[in-house]
Amino acid sequence: VMVASMGDSKDQATLIKAAKILLEHHDGIQFCFIGDGPKKSEYLDLVSSLGLEKNVFFTGEVDNVEEYYKASNLSVLTSASWHGEGIPNVVMESMFCGIPVIATDNGGTKEILKDNVNGYIINNGDYRVLAQRILFLKNNNNIVKDFVANGKKLVQTKFSQTCMIQSLESILDDSYNDKTK
């Protein structure tokens, strides 16, 4: 599954090209794209030109993203090379729902996704490596279990509501103390 807007800052084409490679040898895999935007028709055309309509689906925007995560085996986030991602919510949501993540190396992605610890980080546009990583995870359930456990632990220890409130309080305290000096 890939949950992302379909505009210039994301790169669904990389996952679609990886799907083409994977489906040449593993026709049972399905790819779900959740989101909408100005580039959706371009991605639909790419899927059609590659003959992937049987295995690649576009849902548009949905209100039940969590259900899609939980029904998926993997979450992918590929962004445009120039896009300075913050800490992507999609990565945290995926980890919280118990699925491994593969994402491109953009901005703050590395703050939550640790390569080969709780997922994989790939270079922008590298659909061949993306296909290799997807296939590796498909065939290595023990690695998937480790990624899931490590991802959940990171989200719960660094991004829980309690941690976020404590961090905000610390920032506010520091700011107040700086002003009173």
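Read along the sequence, the protein in this predicted model follows the pattern β-α-β-α-β-α-β-α-β-β-α-α-α. That pattern is made up of 7 helices and 6 strands. The C-alpha trace spans about 65 × 40 × 30 Å along its principal axes, and 43% of the 181 residues count as buried. Contacts that link distant parts of the sequence are well represented: among contacts with a separation of 6 or more, 67% join residues that are 24 or more positions apart.

Helix α1, covering residues 12–23, makes a good place to look more carefully. A simple check on its length comes first. At 1.5 Å a residue, the 12 residues of α1 should span 16 Å, and the end C-alpha atoms are indeed 16 Å apart, so the expectation and the model agree.

How much of α1 is buried? Of its 12 residues, 9 are buried, so the helix is largely enclosed by the rest of the structure. The buried residues are Gln12, Ala13, Thr14, Leu15, Ile16, Ala18, Ala19, Leu22 and Leu23. An α-helix has 3.6 residues a turn, so residues three or four places apart point the same way. The partners of the buried residues of α1 include both strands and helices: β1 (2–3), β2 (31–34), β3 (56–60) and β4 (75–77), together with α2 and α5 (127–138).

Two of these helical partners can be described in turn. The axes of α1 and α2 (residues 40–49) come within 10 Å and cross at roughly 10 degrees. With angles under 35 degrees counted as roughly parallel, this makes α1 roughly parallel to α2. The crossing of this pair is right-handed. On the α1 side, the contact involves Gln12, Ala13 and Ile16, which meet Tyr43, Leu46 and Val47 of α2. By class, this contact has 5 nonpolar residues, 1 polar residue and no charged residues.

The pairing with α5 has its own geometry. Here the axes lie 8 Å apart and the helices pack at an angle of about 60 degrees; α1 and α5 are therefore oblique to each other. This crossing, too, is right-handed. From α1, the residues Thr14, Leu15, Lys17, Ala18, Ile21 and Leu22 take part, and they meet Tyr127, Arg128, Leu130, Ala131, Ile134 and Leu135 in α5. The residues of this contact divide into 9 nonpolar, 1 polar and 2 charged.

Conventions
Residues are numbered from 1 along each chain as its sequence is written. This is a predicted model: local features need pLDDT of at least 70, side-chain atom pairs count only at pLDDT 80 or more; totals for chains, interfaces and linings use all residues. Side-chain values use heavy atoms; hydrogens and water are left out. Axes are lines fitted to C-alpha atoms, for helices over the stretch in contact, and angles run from 0 to 180 degrees between N-to-C directions. Helices (H or I, at least four residues) and strands (E, at least two) are DSSP runs, numbered from the N terminus. Angles under 35 degrees count as roughly parallel, over 145 as roughly antiparallel, 65 to 115 as roughly perpendicular and the rest as oblique. A crossing is left-handed if the near helix is turned anticlockwise from the far one by less than a right angle, and right-handed if clockwise. Contact means heavy atoms within 4.5 Å. Ala, Val, Leu, Ile, Met, Phe, Trp, Tyr, Cys and Pro count as nonpolar, Asp, Glu, Lys and Arg as charged, and the others, Gly among them, as polar. The expected span of a helix is 1.5 Å times one less than its number of residues. Buried means under 20% relative accessible area, exposed over 50%, partly exposed in between (1.4 Å probe, protein chains only).
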